[in-house]
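Work through the exercises below with the structure open. Each task is followed by its solution in steps.

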Amino acid sequence: MRKIKLLWVDDEIDLLKPHVLFLEQKGYEVDTANNGTDAIDIVNKNTYDLIFLDENMPGISGLQTLNEIKRKFPSLPIVMITKSEEENIMEQAIGSKISDYLIKPVNPNQILLSIKKNVDHQRLISEKTTSAYQTDFMQIGMQINESYSFDNWVDIYKKLIFWELELERSGNNAMDEIIKMQKNEANNAFSKFIKKNYVSWFSDDKSIKPLLSPSVFKSKVFPLLKEDKKVVIILIDNLRLDQWKILEPKFREVYNVAEESVFCSILPTATQYSRNAMFSGLMPSEIQKLFPDIWLNDEDDGGKNMHEEELLKRNLSRNGLTDKFFYEKVFNNKAGKKIIDNISNILQNQLSIIVFNFVDMLSHARTEMDMIRELAEDEAAYRSLTLSWFEHSPLFELIKILSDHKINLFLTTDHGAVRVQNAIKVIGDRNTTTNIRYKQGRSLGYNPKEVFEITQPQKVFLPLTNVSSTYIFSQNTDFFAYPNNYNHYVKYYKDTFQHGGISLEEMLIPAILLEPK
């Protein structure tokens, strides 16, 4: 492991020899200089982790030396050491972005503490985080093996996200493969849980079922409307729970999180099914039966989620609520800015619904464009791009305005996405669905052990295109590929973010109630 390298600049550096020896005994490498000019030359020739800089030296002053070094090396931590506590000197130093300052005479423990605070802290955080996850690893493993309820799985998934983000922030990638392996283990066990319980959620009235897509608005939003509160629903298509945790601090700048829930997306975890179910308050086969003019099957031409506004209108009417509301779907910044320019459309309605499609478009672009795939090469980069978009998006500007007007927010999504890795062969006719995480058709060829099959779709309220329709769902990071042109197909889709199947990332998704500060 490389030693931390320090430079100490002081015109009385010989008197500080005991301090230098103390630091060297602690394992630090220390160079010295007795004036600012020499210090600048040394810094130009060597790499340092931290500089201790005397403020009062003959020749060029400590502040001049500070400014010159910072001009060339703006991120290099510098600790100013001064005999004076004069306000103007400290203001100049702080304005030049010193990392810390110490008042003479300094003692060895002050110096050591400053090093740990400004340089060593990242290593200490990394070591502590790694150690803490190693301690929790066994407990999470036991929970995975013993989980029997949806709430258990929510708890496990939240813990995995917590540690994934903590390890990412620590800058230590030593545990990357371990957390990846544990997520994979959890997803395999979660798939077994879904295969065992999913059908019973619809066929057994005594079954303890989670909050599912059709009940989200009725459970979380309609009670607020009945209390005459103004509510804006922000639906970010394809938003995962880990992406919400990355966005959460930005939301908290202007909103308080009143309730953070996790609900279960119905299968298939695809917009046509899950989002239409949310807006209508109905399962897909119920939409097909009640509103045949609205529902389109997989093989039908046309947009599959073009009637959300009408579905919500009918849902509100069934629940005795006003059918007057504002609805908009945002595909680009221009459309987002238009909403802000016409903010009265929201302010004059008790309920507004805005669908933002950026994250979904990002996942599709990552599949189709090499540049986006490189920008979002892994989970951490995928989250980072989501955060960068939000920070510079009209959505962030919009929620600030809504907070000023004391309007409640409900943030949610229709489904998540998982990064697929393992191809599963499937055979289907020309009417088989094209989604690579689920297939629906009458002539499917597959290995039943590799999928979750539903041979009686009516039991889980999925539409029947013919009497022999079967639905199959991929699990964990699997995806379906046809035998013809198999290698090309696998290369194209492997390591892309997809949705439609069974995974923690796709099915366990956020429902967040936010109150203005």
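**Exercise 1.** Determine whether R419 is buried or exposed, then describe its salt bridge with D495.

Solution. R419 has a relative accessible area of 16%. Buried means under 20% relative accessible area, exposed over 50%, and partly exposed in between (1.4 Å probe, protein chains only). R419 is therefore buried. The model is predicted: local features need pLDDT of at least 70, side-chain atom pairs count only at pLDDT 80 or more, and totals for chains, interfaces and linings use all residues. Residues are numbered from 1 along each chain as its sequence is written, and side-chain values use heavy atoms, with hydrogens and water left out.

Next, take the pair. A salt bridge is a side-chain nitrogen of Lys or Arg within 4 Å of a carboxyl oxygen of Asp or Glu. D495 and R419 meet this rule at 2.8 Å, N to O. The pair links distant parts of the chain, 76 residues apart: D495 is in the loop between α21 (486-493) and β17 (497-498), and R419 is in strand β11 (residues 418-419). Strands (E, at least two residues) and helices (H or I, at least four) are DSSP runs, numbered from the N terminus. D495 is partly exposed, at 23% relative accessibility.

**Exercise 2.** Find how far apart K159 and D155 are in helix α6.

Solution. K159 and D155 are four residues apart in helix α6 (residues 150-170), so about one helical turn separates them. Their side chains form a salt bridge at 3.8 Å, N to O. D155 is partly exposed, with 33% relative accessibility.
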